Amino acid sequence: MIYTVTFNPTLDYTVWVRHLQMGAVNRTEEERVYPGGKGINVSIVLKNLGLDSMALGFAAGFTGRELLRRLKEFGCQEDFIPLEGVSRINVKIKGETETDINGQGPAIPPEALRHLMGKLEVLGKDDVLVLAGSIPDTLPEDVYERILAGLQGRGVRVVVDATRDLLKNVLPYHPFLIKPNHHELGELFGRELHTAEEITVCAKKLQEQGARNVLVSMAGDGALLVTEEGETLCSPAPKGRTVNAVGAGDSMVAGFLYGYLTTGRYDEAFRMGLCAGSATAFQPWLATRCQIEQVAADFERDKPTGKEGL
């Protein structure tokens, strides 16, 4: 079974405003409400691809109930822990540029965290756990480490999509997959990364520190994967017009898991991760299976040749 954890889920209120003017009344041209949060995004894209998962996390108040209702509308299973307060609303303003206003979310008391840790005790051999995103300031900074330490020796494949110390500090626990983008990877080493060679060197250093597989997203430049089998795969992104930055990285994680769990092959996992991430970037929101398959078909037709291509 695949499990995802979203510590601070949200209702994403997405509005389209042609000409946003600060200090003035603005009227929307279109508006939509989605369940949000990195782990939730992974669960939805997995479901779109035909794989079930169990979404875990915390939800509070009327916003929490609404985001869980919408999550279930996508066919996802959930076992969220109710909290006092209200789950956050993130406002996504799309116009000439994108502007995000993200809420804070409810306080998570120690007993609620213990409750979540108890739910993770059922995980065992061949289960997959996805830990994605930042953590609220009401949680201990080492919560990711605590989770991975508690799963040691159980055969659970853990995927971590986080930044800075949250990512760096879990490496000794040998996560199955980590997915920084190239900017986040550079931050870990205090430098800017400009070439595939530089990214490969840094990705292999994270592997030396404990990560089994390192998947690096590079926005419009594609992605790079260093596998535990000693192979490095690098590819440009599929062709298309980018209209959305929200959820592309989460879609890449979901696509990677789908490709790996259905074939057992890292090249196929890389290809599906790249295509799922791109498909979401080409859509207003998370890509459907049909949209991902179309991008994959076009990418297969136009795929680059040579050792670094797929």
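Which side chain does the side chain of Lys-92 join in a polar contact of 3.5 Å? It is the side chain of Asp-100. I will start from that pair, then go through some salt bridges, one histidine, and the confidence values. Please keep in mind that this is a predicted model.

First, the surroundings of Lys-92. This lysine sits in strand 7, which covers residues 88-94. Is Lys-92 buried or exposed? Lys-92 is buried, because its relative accessibility is 8%, and the cut-off for buried is under 20%. Leaving aside neighbours within four places in sequence, Lys-92 has contacts with Asp-12, Tyr-13, Thr-14 and Val-15. On the same list are Thr-99, Asn-102 and Asp-100, the last being the polar partner I began with.

Next, salt bridges. The count for the model is 20. I will show three of them.

One is between Lys-119 and Asp-79, where the closest N and O atoms are 2.8 Å apart. Lys-119 belongs to helix 3, residues 110-120, while Asp-79 is in the loop between strand 5 (77-78) and strand 6 (81-83), so this pair ties together parts that lie 40 residues apart in sequence. The two partners fall into separate accessibility classes: Lys-119, at 18%, counts as buried, and Asp-79, at 33%, counts as partly exposed.

Another joins Glu-66 and Arg-69, with 2.7 Å between the closest N and O atoms. How many residues apart are these two in helix 2? They are 3 residues apart in that helix, which runs over residues 61-73, so about one helical turn separates them. Glu-66 is partly exposed at 21% relative accessibility, and Arg-69 is partly exposed at 39%. This pair also has company: Glu-66, Arg-69, Arg-70 and Glu-73 are linked in a network of salt bridges.

The third is between Asp-267 and Arg-265, with an N to O distance of 2.8 Å. Asp-267 is partly exposed, at 29% relative accessibility. Arg-265 is partly exposed too, with a relative accessible area of 45%.

Now the histidine. Where is His-174? You will find His-174 in the loop between helix 5 (164-168) and strand 11 (177-178). His-174 has a relative accessible area of 48%, so it counts as partly exposed; the exposed class begins over 50%. Not counting residues up to four places away in sequence, His-174 touches Gly-210 and Arg-212. With Gly-210 there is a specific atom to look at: its backbone oxygen lies 3.0 Å from a polar atom of the His-174 side chain. In the same part of the sequence is Asn-213, which is 39 residues from His-174 along the chain. The C-alpha atoms of His-174 and Asn-213 are separated by 9.2 Å.

Last, confidence. The average pLDDT of the protein is 92, and 97% of the residues score at least 70. Which residues have a pLDDT that stays under 50? Those are residues 306-310. The model does have 11 contacts for that stretch beyond four places in sequence. Where pLDDT is low, though, the predicted coordinates should not be read in detail.

To go back to the opening pair: Lys-92 is a buried residue, and its side chain meets that of Asp-100 in a polar contact of 3.5 Å. That is the end of the talk.

Notes: Residues are numbered from 1 along each chain as its sequence is written. This is a predicted model: local features need pLDDT of at least 70, side-chain atom pairs count only at pLDDT 80 or more; totals for chains, interfaces and linings use all residues. Side-chain values use heavy atoms; hydrogens and water are left out. A salt bridge is a side-chain nitrogen of Lys or Arg within 4 Å of a carboxyl oxygen of Asp or Glu. Helices (H or I, at least four residues) and strands (E, at least two) are DSSP runs, numbered from the N terminus. Buried means under 20% relative accessible area, exposed over 50%, partly exposed in between (1.4 Å probe, protein chains only). Contact means heavy atoms within 4.5 Å. A polar contact is a pair of N or O atoms within 3.5 Å; within protein, one must be able to donate a hydrogen and the other to accept it, and residues adjacent in sequence count only if both atoms are side-chain atoms. pLDDT is the predictor's confidence in each residue, from 0 to 100.
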